[in-house]
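Visitor: Hey, I'd like to get my head around this protein. Can you start me off with a word I'll need?

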Amino acid sequence: APALDNLIRATFDVVAITATDNRIRIANMLRQSLTHVSDAGPASYPAERGILLSGVEKAVADGALQADVDADAVTQAIWTLGPGTLLLAEATGDDVFARLAQVWTVILRGIVVPEARDHASEFVAAMVAQHSQPRAHP
């Protein structure tokens with residue numbers, strides 16, 4: 001299920017980049033702070049959400065996600081998954097990738113067709129293994 005794999009991979013990659021690249025971290029903080037003084041900060045969010053919604057719709061069309069899922073609700077859940085998990089993991093000292101995997105496990109049970117669940121779970125485990133390796137900070 002390439003579209004579902006891409007959704008899962010995207011959350012791990014975004015968290016990894018945000019957690020390890022100080023330039024990305026600072027740019028993200030600036031974008032968030034701009035919401036208080038300008039429309040420039042929040043202007044990028046609808047585009048990001050649209051890209052993610054397209055990925056969810058592809059996963060439904062591929063047959064990996066249940067046909068009756070609310071694509072908009074799934075998009076919202078996945079969209080908040082990365083930033084929310086990163087925020088809480090940093091605050092508590094938890095392994096962000098292990099926590100991300102836990103949340104994905106719960107989400108997958110509700111949205112993935114039964115015959116794709118094993119693959120999706122294995123893919124999440126592979127993402128944890130890949131991203132839990134030590135990284136250099138740029």
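Guide: Sure: "contact" means heavy atoms within 4.5 Å. The model is predicted: local features need pLDDT of at least 70, side-chain atom pairs count only at pLDDT 80 or more, and totals for chains, interfaces and linings use all residues. Residues are numbered from 1 along each chain as its sequence is written, and side-chain values use heavy atoms, with hydrogens and water left out.

Visitor: OK, and how many helices and strands does the chain have?

Guide: There are 6 helices and 0 strands. Those names come from DSSP runs numbered from the N terminus (helices are H or I, at least four residues; strands are E, at least two). Read along the sequence, you get α-α-α-α-α-α.

Visitor: What about contacts between residues far along the chain, what share do those 24 or more positions apart make up?

Guide: They account for 66% of the contacts with a separation of 6 or more.

Visitor: Show me one contact list. Which residues does Leu53 touch?

Guide: Leaving aside neighbours within four places in sequence, Leu53 is in contact with Ala71, Asp72 and Thr75. Leu53 itself sits in helix H3. Its C-alpha atom is 9.9 Å from that of Leu7, and those two residues are 46 apart along the chain.

Visitor: Is Leu53 buried, exposed or something in between?

Guide: Partly exposed, because its relative accessible area is 23%. The rule is that buried means under 20% relative accessible area, exposed means over 50%, and partly exposed is in between (1.4 Å probe, protein chains only).

Visitor: And how much of the chain counts as buried?

Guide: Of the 138 residues, 36% do.

Visitor: Does that go with some general habit of proteins?

Guide: In soluble globular proteins, nonpolar side chains tend to be buried together.

Visitor: So how many residues are in the largest nonpolar core here?

Guide: It has 35 residues. A nonpolar core is a set of buried Ala, Val, Leu, Ile, Met, Phe, Trp, Tyr and Cys residues joined through side-chain atoms within 4.5 Å. The members with the most contacts inside this core are Leu4, Ile8, Phe12, Leu65, Trp104 and Leu108. The elements giving two or more residues to it are helices H1 (2-20), H3 (40-61), H4 (71-92), H5 (96-111) and H6 (114-131).

Visitor: Pick Ile8. What does Ile8 touch?

Guide: Not counting residues up to four places away in sequence, Ile8 touches Trp104, Leu108, Ala120, Phe123, Val124 and Met127.

Visitor: Now a loop, please. Where is Ala64?

Guide: Ala64 is in the loop between H3 and H4. It counts as buried because its relative accessibility is 4%. Beyond four places in sequence, Ala64 touches Ala1, Leu4, Ala59, Ile111, Val112, Val113 and Ala116. The C-alpha atoms of Ala64 and Ala116 are 6.0 Å apart, although the two residues are 52 apart along the chain.

Visitor: Changing topic: how many salt bridges are there?

Guide: A salt bridge is a side-chain nitrogen of Lys or Arg within 4 Å of a carboxyl oxygen of Asp or Glu. By this rule the count comes to 3.

Visitor: You listed Asp72 as a contact of Leu53. What does Asp72 meet in a salt bridge?

Guide: Asp72 pairs with Arg49, at 2.9 Å from N to O. Asp72 lies in helix H4 and Arg49 in helix H3, so the pair ties together parts that are 23 residues apart in sequence. Asp72 is partly exposed at 41% relative accessibility, whereas Arg49 is buried at 17%.

Visitor: What about Arg23, which residue does it pair with?

Guide: Arg23 forms a salt bridge with Asp21, and the closest N and O atoms are 3.1 Å apart. Arg23 counts as exposed at 59% relative accessibility, while Asp21 counts as buried at 13%.

Visitor: And Arg99's partner?

Guide: That's Asp94, with the closest N and O atoms 2.9 Å apart. Arg99 is partly exposed at 34% relative accessibility, and Asp94 is partly exposed at 30%.

Visitor: Last one: which residues is Thr85 in contact with?

Guide: Apart from neighbours within four places in sequence, Thr85 is in contact with Thr80, Val96, Arg99, Leu100 and Val103. Arg99 is the salt-bridge partner of Asp94 that came up just now. Thr85 is in helix H4, and it counts as buried because its relative accessibility is 10%.
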